[in-house]
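Colleague: I am new to this structure. Could you walk me through it with short answers?

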Amino acid sequence: MHIVITGGAGFIGHHAVWQALERGWQVTVLDNFYTGKLENLILPSGNLPGGLTVYECDIAAGPIPDIKNVDYLLHLAAPVSVQESLEDWEKYYRGIVHGSERIFKWARERGCQSIVAASTAAVYGDSEEWPFQETTTPRPMSPYAEYKLEMESILDEYHSFTTQAAALRFFNVFGEGQPDDVGYVSAIPIFKKQFESYQPITVTGDGRQTRDFVYVGDVVEACFAALTRPNAGFETMPVWNVASGEETSILDIAETFGGEIVHIEEREEPRRSVANTSLINQTLDWRPSVNVLQWIKEQRDA
Ligand SMILES: NC(=O)c1ccc[n+]([C@@H]2O[C@H](COP(=O)([O-])OP(=O)(O)OC[C@H]3O[C@@H](n4cnc5c(N)ncnc54)[C@H](O)[C@@H]3O)[C@@H](O)[C@H]2O)c1
C-alpha cells in the first residue's frame, strides 16, 4: 500500500508516518515545514527510514509532485492556530480551503481509493448541545473552524464509489512530540514545559473550562481505521468525532502536573467541549486507549 500524508512532518503527521511504516506501507510526505520539522522523520543515524519519501511542498501553491500509484491520502496539512486565523483569515482560507481542494483533486486524478481529512472539534464552537454529536449544528467561532467546515463539504463532493472519503473531527489531541513552540500550542505541552522548568503553571481564567482530550496514537489508529474500512458504497460521506468522550477541566490538567498554579486572563473560548463518540465506536469499532490524566502522571513521574 502507498499512503500520501500531507502535513506528515507535524505533530500528528509524524506519528502517522511511523505507524504506516510499521505496517509495511510505502509512505510519501508532502509538507511545507511551516510548523512541521524534518527531524520528526529521521532516524538517529540522520537518514530517512526505508520506505519513506519526503517532499517539501506547499499544497496550496505551486506544483504538487506527480506521484504515481496513490492508494490512500491522509490529509493533515493546515495552518493550525485559531488565534492566528482571527488575525489573518486569508492565510487560513488559502491553507485550508484552497489547499484541500487542490490535494483532493490531485488524489482523485491518481486513482486514490480512500481519502481521510483532519477536521476539528472547533466546528462545534460555542454550541451548548453537549456532548457534541456529528449531527450537532456547527457554530464555528473562527475562520479556522469555518474553513474546516468548508473543507468537509468540498471533500463530500469527492466521495464516490471509486474514491471513498471521510472527515474526522479531532478533539484536543495530546501525546509525545507535541510542540510547545510553533503552531497551535495546547495547554498540555505548555504546562509540561512549565512543570519541568519549576515555573508556576499558568491557567487561563478559573480553569473550569473543559476539553475532550484524545491521545495521538489513538487518533492515528482512527485515521487508519477510516482509510482502510471496506468500501460500503456510502451514500453520504461519513464524518466522525475522534475523542475520548470524557470531559476534563484545564484545572484538573494543571493539578495533575502539580506545583504552583497562577491564574491569568481568560480568553474568548468555548466553556465546555466534549464529544459523543458512539458513532465511531459502532461503525469503525474504534475506542481510545489512553486516558489524559493517567498519561500526565506517567510523564510527570518518568
Ligand atoms: N492537534 C490538535 O489538537 C488538533 C485538533 C483538531 C484538528 N487538528 C488538525 O490535525 C491536523 C494536524 O495538526 P497538528 O496538531 O499535527 O499540527 P502541526 O502544525 O504539527 O501539523 C500541520 C502540518 O502541516 C504542514 N503544513 C501546513 N500548511 C501546509 C501546506 N500548505 N502545505 C504543506 N504542508 C503544510 C505543517 O508544516 C505541519 O507539518 C491539522 O489539520 C489540524 O487542523 C489538530
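Colleague: At 1.5 Å a residue, what should the twelve residues of α1 span, and how far apart are its end C-alpha atoms?
Modeller: First, this is a predicted model: local features need pLDDT of at least 70, side-chain atom pairs count only at pLDDT 80 or more, and totals for chains, interfaces and linings use all residues. Residues are numbered from 1 along each chain as its sequence is written. Helices (DSSP runs of H or I, at least four residues) and strands (E, at least two) are numbered from the N terminus, and the expected span of a helix is 1.5 Å times one less than its number of residues. For α1 that gives 16 Å, which agrees with the distance between its end C-alpha atoms, 18 Å.

Colleague: Which residues of α1 are buried?
Modeller: A residue is buried if 20 or more other C-beta atoms lie within 10 Å of its own, exposed if 12 or fewer, and partly exposed in between, with C-beta atoms placed from the backbone. What covers the buried residues of α1 includes β1 (2–6), β2, β3 (52–56), β4 (72–75), β7 and α6. The buried residues are Phe11, Ile12, Gly13, His14, His15, Ala16, Val17 and Ala20.

Colleague: Why does histidine 14 count as buried, and what is it in contact with?
Modeller: Histidine 14 sits in helix α1. It counts as buried because it has 26 C-beta neighbours inside 10 Å. Contact here means C-beta atoms, placed from the backbone, within 7 Å. Leaving aside neighbours within four places in sequence, histidine 14 is in contact with Gly8, Ala9, Asn40, Leu41 and Gly177.

Colleague: Which glycine just after α1 takes a positive phi?
Modeller: The phi there is about 85 degrees. The residue is glycine 24.

Colleague: How many of the twelve residues of α6 are buried?
Modeller: Helix α6 covers residues 216–227 and reaches 17 Å from its first C-alpha to its last, close to the 16 Å expected. Its buried residues include Val216, Glu221 and Phe224. The helix is largely enclosed by the rest of the structure, because the buried count is nine of the twelve.

Colleague: Which residues is valine 220 in contact with?
Modeller: Valine 220 belongs to helix α6. With 23 other C-beta atoms within 10 Å, valine 220 is buried. Its C-alpha is separated by 7.0 Å from that of histidine 15, though the two are 205 residues apart along the chain. Outside four places in sequence, its contacts are Ile12, His15, Ala16 and Gln19.

Colleague: How many residues does α6 give to the largest nonpolar core?
Modeller: Such a core is a set of buried Ala, Val, Leu, Ile, Met, Phe, Trp, Tyr and Cys residues joined through C-beta atoms within 7 Å. The largest one has 87 residues, and Val219 and Cys223 are among those with the most contacts inside it. α6 gives the most to this core, with eight residues.

Colleague: Which element gives the most to the side of domain 1 that touches domain 2?
Modeller: Domain bounds come from an automatic or database domain assignment. That assignment gives domain 1 (2–173 + 214–242) and domain 2 (175–211 + 245–273 + 290–301). The contact takes 17 residues from domain 1 and 14 residues from domain 2. On the domain 1 side, the top contributor, with three residues, is α6.

Colleague: Where does the shell around the ligand lie?
Modeller: 32 residues surround the ligand, each with its C-beta atom, placed from the backbone, within 6 Å of it. The closest are Gly7, Gly10, Thr35, Gly36 and Ala77. Both domains give residues to this shell, so it lies between domain 1 and domain 2.

Colleague: Which helix supplies the largest share of that shell?
Modeller: By class, the shell has 17 nonpolar, 13 polar and two charged residues. Here Ala, Val, Leu, Ile, Met, Phe, Trp, Tyr, Cys and Pro count as nonpolar, Asp, Glu, Lys and Arg as charged, and the others, Gly among them, as polar. The largest share, three residues, comes from α1.

Colleague: Is isoleucine 154 buried or partly exposed?
Modeller: Isoleucine 154 is found in helix α4 (residues 143–158). It touches Ser100, Glu101 and Phe104, not counting residues up to four places away in sequence. It has 18 other C-beta atoms within 10 Å, so isoleucine 154 is partly exposed.

Note on methods: Contact = placed C-beta atoms within 7 Å.
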